[in-house]
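Colleague: I have this one open and would like to talk through the helix packing and then the ligand site. Can we start with the terms you use?

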Amino acid sequence: MEHLKSAKTILQARGLSKHYGGVVALDAVDLDLREGEVLAIVGDNGAGKSTLVKALTGAIAKTSGKVMIDGQEVRIDGPADAKAAGMETVYQDLALVNEISITKNMFLGREIVKDNLFGKLFGVLDFPKMDAKIQDLFQKLDIRIADIYRDAEAFSGGQRQAVALAKTVMFGKRIAILDEPTAALGVRESKMAMDLVCSLKDHGLSVIMITHNMQHVLNHCDRVIVMRLGKVAAVCDVADVDGDMLVGLITGAIEQKVG
Ligand SMILES: Nc1ncnc2c1ncn2[C@@H]1O[C@H](COP(=O)(O)OP(=O)(O)OP(=O)(O)O)[C@@H](O)[C@H]1O
Ligand SMILES: [Mg+2]
């Protein structure tokens with residue numbers, strides 16, 4: 001992981017805040033994501049982790065703060081801006097749309113139209129082509145979903161999460177942001193999800209991953225941001241911490257170690 005210390009910073013946030021009325025969900029948070037790293041965000045329930053990610057990607061309107069990509073400030077007012085900036089996100093609470101098929105979920109907003117007059121004039125979708133791309137990807141990633149034509153709600157939590165992660169592998173350009181990719185997954189699914197996270201990194205993406213699983217932080221991440229009460233309580237190299245220390249930082253039993 002030593003080599004990453006010299007890696008350039010791909011994404012920066014400065015002074016990100018989100019207020020809900022009187023509730024300060026996010027309080028002047030700074031974040032740096034280095035090229036090629038997996039950066040974990042940890043913290044208790046309600047610490048502001050999901051809010052941080054949503055403010056970064058424009059899923060919610062931030063109260064204040066700015067975001068920079070490659071050192072240039074970018075305006076991210078919604079998910080489309082985030083995608084255009086190379087960010088692909090799997091949100092904790094809205095990973096897939098229930099009422100539509102796996103194929104439609106995978107290509108939502110990025111559908112492939114037929115390469116003929118019908119496609120060009122009427123936007124007729126090329127389902128065989130989309131299906132083939134998905135089957136190919138699922139095979140590569142060892143995702144076992146037989147019937148991609150069924151609505152997403154017919155699948156288990158683990159299968160749905162795997163599909164959402166596969167989407168980041170297919171479309172993720174530079175940055176993948178994952179909000180608890182292994183929450184509510186069984187042992188096999190959880191391992192598969194972490195293998196997918198590693199394959200994102202192998203594909204050259206930089207990854208931000210929110211998790212409550214300290215083993216995943218210690219085994220798969222390069223650095224970790226600890227959040228407490230809407231603020232950054234600590235930023236550490238994973239090589240410098242152990243599980244007990246992380247828990248101490250999360251609960252506040254151990255004080256600040258930023259750097
Ligand atoms: N839409 C909302 N309206 C009002 N308060 C909100 C809203 N969304 C989040 N909050 C508050 O913001 C704070 C941070 O919430 P957030 O969802 O970011 O926590 P989290 O760290 O992701 O927690 P978890 O580990 O449970 O997912 C909490 O106090 C929460 O109640
Ligand atoms: Mg959350």
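Modeller: Before the packing, one cut-off is needed: two residues are in contact if their C-beta atoms, placed from the backbone, lie within 7 Å. Please keep in mind that this is a predicted model.

Colleague: Fine, so what do the buried residues of α6 pack against?

Modeller: They pack against β6 (87-90), α3 (102-106), α5 (127-141), β7 (175-179) and α7. The buried residues themselves are Arg 160, Gln 161, Ala 162, Val 163, Ala 164, Leu 165, Ala 166, Lys 167 and Thr 168.

Colleague: And at what angle do α6 and α7 cross?

Modeller: The axes of α6 (residues 157-171) and α7 (residues 187-202) cross at roughly 5 degrees and come within 10 Å. Angles under 35 degrees count as roughly parallel, and α6 and α7 are therefore roughly parallel to each other.

Colleague: Which residues make that contact?

Modeller: From α6 there are Gly 158, Gln 161, Ala 162, Leu 165, Thr 168 and Val 169, while α7 contributes Glu 189, Met 192, Ala 193, Leu 196, Ser 199 and Leu 200. By class, the contact of α6 with α7 has seven nonpolar, four polar and one charged residues.

Colleague: Switching topic, which residues are closest to ligand 1?

Modeller: Twelve residues surround ligand 1, and the closest are Tyr 20, Ala 25, Asn 45, Ser 50 and Thr 51. The elements giving two or more residues to this shell are β2 (23-34) and α1 (49-57), and α1 gives the most, with three residues.

Colleague: How do the shell residues divide by class?

Modeller: The shell around ligand 1 divides into four nonpolar, seven polar and one charged.

Technical notes. Residues numbered from 1 in each chain as written. Chains lettered and ligands numbered in written order. Predicted model: local features only at pLDDT ≥ 70, side-chain atom pairs only at ≥ 80, totals over all residues. Axes fitted to C-alpha atoms, helices over the stretch in contact; angles between N-to-C directions. Helix = DSSP H or I, 4+ residues; strand = E, 2+ residues; numbered from the N terminus. Parallel < 35°, antiparallel > 145°, perpendicular 65-115°, else oblique. Nonpolar A, V, L, I, M, F, W, Y, C, P; charged D, E, K, R; others polar. Buried ≥ 20, exposed ≤ 12 C-beta atoms within 10 Å, placed from the backbone. Near = placed C-beta within 6 Å.
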